[in-house]
Amino acid sequence: MPSAADIQLAFGDIDPDLWESLSDDQPLPLQQHWAYGQTLKAIGADIQQLTLSQSGTPIAIALVGKRRFYRIIRMNSLMRGPLWLPGVTKDEQAAGLKALRKHHSPWRWNFMLFQPELADTPEDRAVLKAGGYRRVMTGYSTIWTDLGPSVDTLRASLNGKWRNQLTKAESSGKLETVIGGRKQHQYAWLTDREADQQTQRGYQAVPIGLVPIYAGIAERFAKGDDSVGVMSVTALAGRKKVAGAIFMLHGNSATYHVGWSGDEGRNLNAQNKVLWDGIVALKERGIRFLDLGGLNTADGAGIARFKLGLGTDPVTLAGTWL
């Protein structure tokens, strides 16, 4: 059984080729994809790739944000990782987490805020506590939808009311959806609407300005790989844009990043058609998993109900640990 002493940690530049080693059967969070790391670096963040190895063989990779205060205090952040390579055992994972905690010691003014991609279960919390971590923030809830089943199977799993709204949108004869996203003009109207929406409702989300930067990074480094980048879906009633969405694509996974619908779009259930047509387009690109983003059942109950309408159970992560 491996121990923390058997695990080596190495920080360095982001190497996209290592992401090719990940399993296609495990969802990949946006926050841990190399293109997102390069995007944050492009706006001035200090993002480094962490590689965990055992006997010289990598067992996990992660993107870690680094900041320094007063020259001596180091604050690191690892959100929704690390990403374990295929074949790594639970014992090796536990040893890796202990090694990670040992390296980031508060006694050396070297702190790490750690949000693992682990479910909020007694078993996973016990592993983190055994590794020396303590929880400082409760878990984030989201919905991971597996797009692997057939389109017919996915449609059958939709909530009945949600599916009826989709059928009405499709049969109205008033809506057309257009898939785009490679060019900024195809989705800029949506980022403008989202910026206005954030101002009006007084909430904050991932900065909208990251979208074109992320798209540019994908165009530069992914070399035509359409599983990395931005995809938009626009619903048109005549020539009028009535609803739309932006999906961030990251390897075998995608994130529902922005969704907007005007009054006419809501009357036509346009956002149901936008999300469904987006799912079909993602499947055609070989995307296996869709992260629908955070669930806020207090301030965003309507949006949460809309996401839950896809018929997938939500998952709550173990939280943020120090």
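Reader: How do you know that β2 and β3 pair, and in which sense do they run?

Author: In this predicted model, eight bridges join β2 to β3, and the two strands run antiparallel. Two strands count as a pair if there are at least two bridges between them, so the eight found here satisfy the criterion. One position in this pairing is Gln-54, which stands opposite Thr-57 in β3.

Reader: What makes Ser-55 worth a remark in the hairpin of β2 and β3?

Author: Ser-55 takes a positive phi, near 55°. The hairpin has two residues between its strands.

Reader: Which sense does the pairing of β1 and β2 have, and how many bridges support it?

Author: β1 and β2 pair in the antiparallel sense over six bridges. Ala-10, for instance, has Thr-51 in β2 as its bridge partner.

Reader: Why is strand β2 called mostly covered?

Author: Seven of the eight residues of β2, which spans 47–54, are buried. Buried means under 20% relative accessible area.

Reader: Why is Arg-80 called buried, and what does its side chain meet?

Author: Arg-80 has a relative accessible area of 2%. The limit for buried is under 20%, so Arg-80 is buried. Arg-80 forms a salt bridge with Asp-291, with the closest N and O atoms 3.0 Å apart. Arg-80 lies in strand β4 and Asp-291 in strand β14, so this pair ties together parts that are 211 residues apart in sequence. Asp-291 is also buried, with a relative accessible area of 2%.

Reader: What makes the contact of Arg-288 and Asp-25 a salt bridge?

Author: The side chains of Arg-288 and Asp-25 meet at 3.3 Å, N to O. A salt bridge needs the nitrogen within 4 Å of the carboxyl oxygen, so this contact qualifies. Arg-288 lies in the loop between α9 and β14, and Asp-25 in the loop between β1 and α1, so the pair ties together parts that are 263 residues apart in sequence.

Reader: How do you know that Asp-146 belongs with Arg-288 as well?

Author: Asp-146 forms a salt bridge with Arg-288, the closest N and O atoms being 2.6 Å apart. This pair links distant parts of the chain, with Asp-146 in strand β9 and Arg-288 in the loop between α9 and β14, 142 residues apart. Asp-25, Asp-146 and Arg-288 are thus linked in a network of salt bridges. The structure holds 10 salt bridges.

Reader: Are the members of this network buried, partly exposed or exposed?

Author: Exposed means over 50% relative accessible area, buried under 20%, and partly exposed in between. At 51%, Asp-25 is exposed. Arg-288, at 26%, is partly exposed, and Asp-146, at 30%, is partly exposed.

Reader: What makes up the negative surface patch?

Author: The patch is formed by Asp-15, Asp-17, Glu-20, Asp-24, Asp-225 and Asp-226. Asp-225 lies in the loop between α7 and β11. Patch residues need over 30% relative accessible area, and Asp-225 has 34%, so this residue passes that cut-off while counting as partly exposed.

Reader: Which residues make the nonpolar surface patch, and why is Ile-72 called exposed?

Author: Phe-69, Tyr-70 and Ile-72 make a nonpolar surface patch of about 380 Å². Ile-72 is found in the loop between β3 and β4. Its relative accessible area is 53%. The limit for exposed is over 50%, so Ile-72 is exposed.

Reader: What makes the backbone at Arg-71 notable, and is this residue buried or exposed?

Author: Phi of Arg-71 is near 70°, a positive value in a residue other than glycine. Arg-71 is found in the loop between β3 and β4. At 76% relative accessibility, Arg-71 counts as exposed.

Reader: Why is Asn-269 called buried, and where does it lie?

Author: Asn-269 has 17% relative accessibility. Buried means under 20%, so Asn-269 counts as buried. The place of Asn-269 is in the loop between α8 and α9. Phi of Asn-269 is near 55°, again a positive value in a residue other than glycine.

Reader: Which value goes with calling the peptide bond from Gly-81 to Pro-82 cis?

Author: Omega of this bond is near -5°. Pro-82 is found in the loop between β4 and β5.

Definitions and conventions: Residues are numbered from 1 along each chain as its sequence is written. This is a predicted model: local features need pLDDT of at least 70, side-chain atom pairs count only at pLDDT 80 or more; totals for chains, interfaces and linings use all residues. Side-chain values use heavy atoms; hydrogens and water are left out. Patches are made of residues with over 30% relative accessible area and no salt bridge: like charges are joined within 9 Å, nonpolar side chains (Val, Leu, Ile, Met, Phe, Trp, Tyr) within 5 Å. Accessible areas come from the Shrake-Rupley method with a 1.4 Å probe; for residues, only the protein chains shown count as cover. Lys and Arg count as positive and Asp and Glu as negative; His and the chain ends are not counted. The place of a charge is taken as NZ of Lys, CZ of Arg, CG of Asp or CD of Glu. Helices (H or I, at least four residues) and strands (E, at least two) are DSSP runs, numbered from the N terminus. Buried means under 20% relative accessible area, exposed over 50%, partly exposed in between (1.4 Å probe, protein chains only).
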